[in-house]
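Thanks for making time this morning. I would like to walk through one structure with you, beginning with its internal cavities and then turning to its sheet.

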Amino acid sequence: MGGVSIEIDSLSGFCFGVVTAINKAEEELSRDGKMYCLGDIVHNTAEVERLKLKGLETIDHDTFAGMRGTKVLLRAHGEPPSTYACAKSNGITIIDATCPVVLKLQQRIKEAYDTAMSDKSGTQIVIYGRKGHAEVNGLVGQTNGSAIVVESTAELDMIDFSRPVCLYSQTTKSLEGFKSIIDEIARRMTPGVRFSSYDTICRQVANRVEHLREFASRHDVVLFVAGEKSSNGRILFGHCKAVNARTHLVADPGQVMPEWLMEATSIGICGATSTPRWLMEDVAARTRNLCS
């Protein structure tokens with residue numbers, strides 16, 4: 001399998017929100033050598049392990065609630081108001097690395113919820129997103145837990161179409177999926193009842209779709225590198241697979257199978273917004289060895 005061309009996509013890898021969070025973590029660790037992060041700093045096990053070796057310890061909300069007078073990083077996904085309230089009462093110093101795009105969305109949803117409460121319009125806040133996802137938990141928290149989360153058009157029965165609806169999206173969802181949600185809600189709304197939808201999808205994520213489809217289409221084989229927990233990774237992998245059936249999802253170099261590379265003269269390596277560049281380079285090195 002000599003003479004194989006291997007290309008790492010130049011636009012794949014961390015989005016600016018994740019870069020900022022990791023930079024903040026490394027700055028703090030360089031000073032103190034130890035810090036806590038509420039939840040995985042990024043949905044990539046390899047990067048979490050790398051930072052763990054530098055002194056970043058991942059904690060869950062139960063552990064966080066029992067802490068006193070320490071320093072905790074909030075990752076790019078954001079947190080609900082209850083997390084900040086807990087930190088204040090426990091004397092915890094927050095290093096806030098919430099992505100600016102997520103923070104703005106949280107504020108918009110809180111304003112919409114507060115308005116609905118004050119005007120007693122009965123407006124339902126609906127979020128197109130993945131239930132239980134860290135970002136979605138933070139968004140739902142802006143509504144006192146009352147927001148309706150839908151993952152597909154099959155779940156729209158949770159909405160009362162005779163009452164006003166205000167729709168938002170998790171920042172990393174697909175534009176196509178969001179459009180299908182909008183179209184179906186609009187079709188089912190009671191005539192004359194207000195339905196407002198707001199495109200809150202991050203363009204740094206959304207704009208990667210067309211680029212990755214083009215990237216995947218010009219290679220014989222594509223290795224898509226992403227962590228098992230990455231919501232964005234599953235979406236982008238699906239787009240690559242749609243244009244190139246020989247697209248394979250891998251979390252680390254050891255998962256690359258020699259049989260995938262048979263008769264390939266061009267291999268593309270790309271990844272999610274939560275995939276570190278160094279990991280894609282490690283996958284490329286493993287691929288090169290298998291092809292030599």
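Which element gives the most to the lining of the second largest cavity? Please keep in mind, as we look for the answer, that what you see is a predicted model.

The element is α10, which contributes three residues to that lining. The second largest cavity itself has a volume of about 40 Å³, and it is lined by T172, K173, S174, L175, V205, A206, V209, N232, I235 and L236. When these residues are sorted by character, six are nonpolar, three are polar and one is charged. The elements that give two or more residues to this lining are α8 and α10.

Let me now put that cavity in context. A search of the whole structure finds two cavities of 30 Å³ or more, and the largest has a volume of about 290 Å³. Its lining comprises 24 residues, and those that lie nearest the centre are C15, V18, H77, T172 and T273. Two or more lining residues come from each of α1, α5 (100-119), α8 (203-206) and α10 (231-243), with the largest share, three residues, coming from α1. As for the character of this lining, eleven residues are nonpolar, twelve are polar and one is charged. You may have noticed that T172 appears in the lining of the second largest cavity, and that T172 is also among the residues nearest the centre of the largest one.

From α1 we can move to the sheet, since helix α1, residues 16-32, lies across β2, β3, β4 and β5, and runs at about 165° to β4. Helix α4, residues 81-90, packs on the sheet as well, where it touches β2, β4 and β5, and its direction makes about 145° with that of β5.

How are the strands of this sheet ordered? The sheet is open, it has four strands with parallel pairing, and the order is β3-β2-β4-β5. The edge strands, each of which pairs on one side only, are β3 (56-59) and β5 (93-96). On average, and with direction ignored, neighbouring strands of the sheet are turned by 35° against each other. Between the edges, strand β2, residues 35-38, and strand β4, residues 71-74, pair in the parallel sense over three bridges; for L38, the bridge partner in β4 is L74. As a general reminder, the strands of a sheet pair through backbone hydrogen bonds, in either a parallel or an antiparallel manner.

Conventions: Residues are numbered from 1 along each chain as its sequence is written. This is a predicted model: local features need pLDDT of at least 70, side-chain atom pairs count only at pLDDT 80 or more; totals for chains, interfaces and linings use all residues. Side-chain values use heavy atoms; hydrogens and water are left out. Two strands pair if DSSP finds at least two bridges between them. Axes are lines fitted to C-alpha atoms, for helices over the stretch in contact, and angles run from 0 to 180 degrees between N-to-C directions. Contact means heavy atoms within 4.5 Å. On a 1 Å grid over the protein atoms alone, a cavity is a set of points where a 1.4 Å probe fits but cannot get out, and a pocket is an open set with protein on both sides within 12 Å along at least five of seven lines; lining residues have an atom within 4 Å of a point. Grid points are joined across faces, edges and corners, and a volume is the space filled by probe spheres set on the points. Ala, Val, Leu, Ile, Met, Phe, Trp, Tyr, Cys and Pro count as nonpolar, Asp, Glu, Lys and Arg as charged, and the others, Gly among them, as polar.
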